[in-house]
Amino acid sequence: MKLYLGSYKPWETDEDFSRCTEMIGENKKVAVIMNPIDYSDDLERVKNSFDETKSFFESLGLEPFQLDLRDYFGNHDELEKVLHDIGMIFIYGGNTFILRRAFRQSGLDKLLPELLRNGVVYCGFSSGSCVLAPTLHGLDDTDDPNIVPSGYESEIIWDGLNLIPYSILPHYNSDHPESESIGESIEYFEKNNLPYKTLRDGEAIVINNEEVK
């Protein structure tokens with residue numbers, strides 16, 4: 001599988017994003033998933049966030065389009081059709097618990113392993129990185145699990161996608177408003193002897209061609 005797991009927006013940091021683009025094959029289509037910010041009522045801000053993401057990928061010669069997982073809640077077969085010919089999935093940062101719900105309700109959590117086996121690149125920052133872990137416990141110091149946007153089921157899902165064997169704690173020692181609360185998350189993981197890795201804004205974990213679970 002090919003994973004690029006970042007901490008913050010790559011276009012606002014000095015990280016080497018070429019490590020991600022080098023993993024993409026001939027298929028330049030990028031499904032951009034903004035659902036982690038479905039908690040926001042500021043539609044103009046959400047639009048601007050997608051527009052800046054779109055401009056970044058277009059500047060790299062890629063073909064981004066927005067994929068709203070809410071359109072596929074309870075309609076997994078249609079989502080599979082949309083994803084069958086993409087080269088990369090990109091997950092925007094936001095609330096990890098909202099994102100996890102979106103994965104389950106759309107069926108993307110079931111589809112993702114096969115997409116990865118077929119060479120699709122998974123790229124994300126912040127929540128997009130965190131959701132791949134075995135557990136989401138310890139992230140509630142930063143992300144409120146009780147925020148439930150319209151159309152979402154209220155159940156809190158504490159299990160991550162379990163595609164990597166550790167949790168990712170982004171914004172560590174960074175100029176970011178969540179940096180302080182990440183310190184509380186570290187205390188939780190240390191106390192409970194759970195594996196984790198920290199990422200500063202501008203850093204990313206790259207996994208290339210490891211076997212998909």
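Trainee: At the start of H4, which residue has a side-chain oxygen that reaches to within 2.9 Å of the backbone nitrogen of Phe 97?

Mentor: The model is predicted, so local features need pLDDT of at least 70 and side-chain atom pairs pLDDT 80 or more, while totals for chains, interfaces and linings use all residues. Residues are numbered from 1 along each chain as its sequence is written, and side-chain values use heavy atoms, with hydrogens and water left out. Helices (H or I, at least four residues) and strands (E, at least two) are DSSP runs, numbered from the N terminus. At the start of H4, the oxygen that reaches to within 2.9 Å of the backbone nitrogen of Phe 97 belongs to the side chain of Asn 95.

Trainee: How many of the residues of H4 are buried?

Mentor: Buried means under 20% relative accessible area, exposed over 50%, and partly exposed in between (1.4 Å probe, protein chains only). Helix H4 covers residues 96-106 and is mostly covered. Among its buried residues are Phe 97, Ile 98, Leu 99, Arg 100 and Arg 101. The count is 10 of 11.

Trainee: Which elements do the buried residues of H4 pack against?

Mentor: Contact here means heavy atoms within 4.5 Å. The buried residues of H4 pack against two strands, E4 (88-91) and E5 (121-125), and three helices, H3, H5 and H6 (127-130). In full, the elements are H3, E4, H5, E5 and H6.

Trainee: Which residue follows H4, and what is its phi?

Mentor: H4 ends at residue 106. The residue that follows H4 has a positive phi. That residue is Gly 107, with phi near 85°.

Trainee: How many salt bridges does the structure hold?

Mentor: Side chains of opposite charge can pair when their charged atoms come close. A salt bridge is a side-chain nitrogen of Lys or Arg within 4 Å of a carboxyl oxygen of Asp or Glu. One of them joins Lys 9 to Glu 52, with the closest N and O atoms 3.2 Å apart. The total is 11.

Trainee: How many residues apart in sequence are the parts that Lys 9 and Glu 52 tie together?

Mentor: Lys 9 is buried at 13% relative accessibility, whereas Glu 52 is partly exposed at 26%. Lys 9 lies in the loop between strand E1 (2-6) and helix H1 (18-21), and Glu 52 in helix H2 (residues 43-59). The pair therefore ties together parts whose separation in sequence is 43 residues.

Trainee: Which residue is linked with Lys 9 and Glu 52 in a network of salt bridges?

Mentor: Lys 9 and Glu 52 form a salt bridge. Both belong to a network of salt bridges. The residue linked with them is Glu 12.

Trainee: Is Lys 81 buried or exposed?

Mentor: The side chain of Lys 81 meets that of Glu 78 in a salt bridge, 3.1 Å from N to O. The two are three residues apart in helix H3 (residues 76-83), about one helical turn. Glu 78 is partly exposed at 32%. Lys 81, with a relative accessible area of 52%, is exposed.

Trainee: In which helix do Glu 114 and Arg 117 lie?

Mentor: Their side chains meet in a salt bridge, 3.3 Å from N to O. Glu 114 is partly exposed at 42%, and Arg 117 is partly exposed at 47%. The two are three residues apart, about one turn, in helix H5.

Trainee: How much space lies in the largest cavity?

Mentor: On a 1 Å grid over the protein atoms alone, a cavity is a set of points where a 1.4 Å probe fits but cannot get out, and lining residues have an atom within 4 Å of a point. Grid points are joined across faces, edges and corners, and a volume is the space filled by probe spheres set on the points. The structure holds one cavity of 30 Å³ or more. The space in the largest cavity is about 60 Å³.

Trainee: Ser 126 is among the residues that line the largest cavity; is Ser 126 buried or exposed?

Mentor: Ser 126 lies in the loop between E5 and H6. Not counting residues up to four places away in sequence, Ser 126 touches Gly 6, Ser 7, Gly 93, Pro 170 and His 171. At 6% relative accessibility, Ser 126 is buried.

Trainee: What is the volume of the largest pocket?

Mentor: A pocket is an open set of points with protein on both sides within 12 Å along at least five of seven lines. H2 gives the most to the lining of the largest pocket, with three residues. The volume of the largest pocket is about 460 Å³.

Notes:
Polar contact = N/O pair within 3.5 Å; in protein donor to acceptor, adjacent residues only side chain to side chain.
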